[in-house]
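User: Hi! Could you walk me through this structure? I'm new to this, so plain words please.
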Amino acid sequence: MPTYSYSRLETYLDCARRYAYQYIEKPEVEKKQTVEAHLGTVCHETIQQIYKDLMLTKRLSLEETLALYEELWGKDKSKGLCIVKERYSEDDYKEAGRRYVEAFYKRHQPFTDGRTIGIEYQVQVTLQGNCRGPVTDGSSVPRSPAQGDKQLVGYIDRLVDHGDGAYEIIDYKTSRTLPSMQDLRENRQLPLYQIGLSQMLPDMKQCTCTWVYLAYDKTISLVKTQEQIEELKTGILDTIAQVEAAKSFVASPSALCAWCDYEALCPARKHLIETSALTPIEFSQQDGVRLVDTYMVLKQRSDAATAETKWLERQIVEYADTKQMSALWGSDHKLRVWKGKGLRLPKKDEDQERMRVIADILKRHGLLEKYSSLQAFTLSKAIEQGQLPSAAVKELEPHLQFEEISRIYPTKLS
């Protein structure tokens, strides 16, 4: 049984293909050490050392803290940090982190906001797969995990005991984006850790979730209700169910792709990486680029070019399939190539008896009104996403025909 984590589940929701690379296939790739990740690590370690020393009654001065930051910045750092945003230098990021630490120190000294009982505190969470309730046997002692339970693990930046059963989970963020209150209410990371603490600390009566946004010198705290915690458990279990039921792991391209370790392997970015180092002449002559450019010229002509466009579409799909790519880059357009199984319903002059049977099944299950148009895409999507009752799907299956289909979606490059 795999042990999940907040980051593992979020990786799946962000991009299933990256999830497959990172947790299932595990190909050997050169890991990128990004400057943003290094900045986050150095700020975390510096602030954590302040509290580690305080646990031994030593209080670092501001000068000592900043000297520690300087030392940590040069430690365990690759020679060339990956900087995606080329307008900034490593020194720019280093100076920003130094300001974050200095502002934090000045705001929070003398660091007497409760008793620190854990730095990078490991928390283990057990969620019942069946009843989705607290994992206890009626006593205050958590029971052992049973078959069907889901195991998760996480690490709390700093855990604080305020006394009388009141605890606080603190997470330090170096993100330059300040989330809205709604974003934090929907955040699942710290409340997930709260569930684990409730199973590990019998005296816990209340737990506060606190985010410290160092770039803004801002602290935001929330207390979750029990109802919200129960909703969170259900949501986490639903995500795990999605992961465990997944049969394919499709890429979800986004602005985060440039920071991904698997970018050169990913079907959605592979062509971009392969062509990015080419000279302008080499780029214009590259097979994939020529297919994209020719396709866009034909698409912009009149309907007289339809037959030629169809032929070219087949060439593009074949090229993408052979090269294991799902996106091709041209001079000023990108083509996303989708392949899969699509439902094929009879046309008006075809098998009307099969259409009648399908309609009767939908009617018996009270679905005919919703799917009265009997469009193949709508019905196929409803089945794929589990929107139809399993009994209805079982009856429909013998009467449904699926076939390999492909689609090409052009996007203008900015």
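Analyst: Happy to! One definition to start: two residues are in contact when heavy atoms of theirs lie within 4.5 Å of each other. Also, keep in mind that this is a predicted model.

User: Got it. So what does Leu214 touch?
Analyst: Leaving out residues up to four places away in sequence, Leu214 touches Cys43, Ile47, Tyr100, Phe104, Tyr172, Lys173 and Thr174.

User: And how many residues are in the largest nonpolar core?
Analyst: That core has 28 residues. Leu214 is among those with the most contacts inside it, along with Cys43, Tyr51, Trp73, Phe104 and Tyr172.

User: Which elements give two or more residues to this core?
Analyst: They are helix 3 (35–54), helix 4 (62–74), helix 5 (90–108) and strand 4 (166–173). Helix 3 supplies the largest share, with seven residues. Apart from this core there is another one, of 19 residues, including Leu9, Tyr19, Val125 and Ile236.

User: Switching to strands. Is strand 3 mostly covered or uncovered?
Analyst: Strand 3, residues 150–163, is mostly covered, as 10 of its 14 residues are buried.

User: Which way do strand 1 and strand 3 run, parallel or antiparallel?
Analyst: Parallel: two bridges join strand 1 (residues 3–4) to strand 3. Tyr4 has Leu152 in strand 3 as its bridge partner. Strand 2 (residues 115–127) runs antiparallel to strand 3, and 11 bridges join the two. In that pairing, Gln124 is partnered with Val153 of strand 3.

User: What about strand 3 and strand 4?
Analyst: Those run antiparallel, with five bridges between them. Leu159, for example, pairs with Ile169 in strand 4. The two strands form a hairpin with two residues between them, and Asp164 in the turn has a positive phi of about 55°.

User: New topic: in what order do strands 7, 8 and 9 sit in their sheet?
Analyst: The order is 7-8-9, in an open sheet with antiparallel pairing. Strand 7 (327–329) and strand 9 (401–412) each have a single partner strand, so one side of each has no neighbour in the sheet. From one strand to the next, the twist averages 20°.

User: How many bridges join strand 8 to strand 9?
Analyst: There are 12, with strand 8 covering residues 333–344. Trp338 stands opposite Arg407 of strand 9.

User: Last one: which strands does helix 12 touch?
Analyst: Helix 12 (residues 306–323) packs on the sheet and touches strand 7, strand 8 and strand 9. Its direction makes about 90° with that of strand 8.

How values were computed: Residues are numbered from 1 along each chain as its sequence is written. This is a predicted model: local features need pLDDT of at least 70, side-chain atom pairs count only at pLDDT 80 or more; totals for chains, interfaces and linings use all residues. Side-chain values use heavy atoms; hydrogens and water are left out. Two strands pair if DSSP finds at least two bridges between them. Helices (H or I, at least four residues) and strands (E, at least two) are DSSP runs, numbered from the N terminus. Axes are lines fitted to C-alpha atoms, for helices over the stretch in contact, and angles run from 0 to 180 degrees between N-to-C directions. A nonpolar core is a set of buried Ala, Val, Leu, Ile, Met, Phe, Trp, Tyr and Cys residues joined through side-chain atoms within 4.5 Å. Buried means under 20% relative accessible area, exposed over 50%, partly exposed in between (1.4 Å probe, protein chains only).
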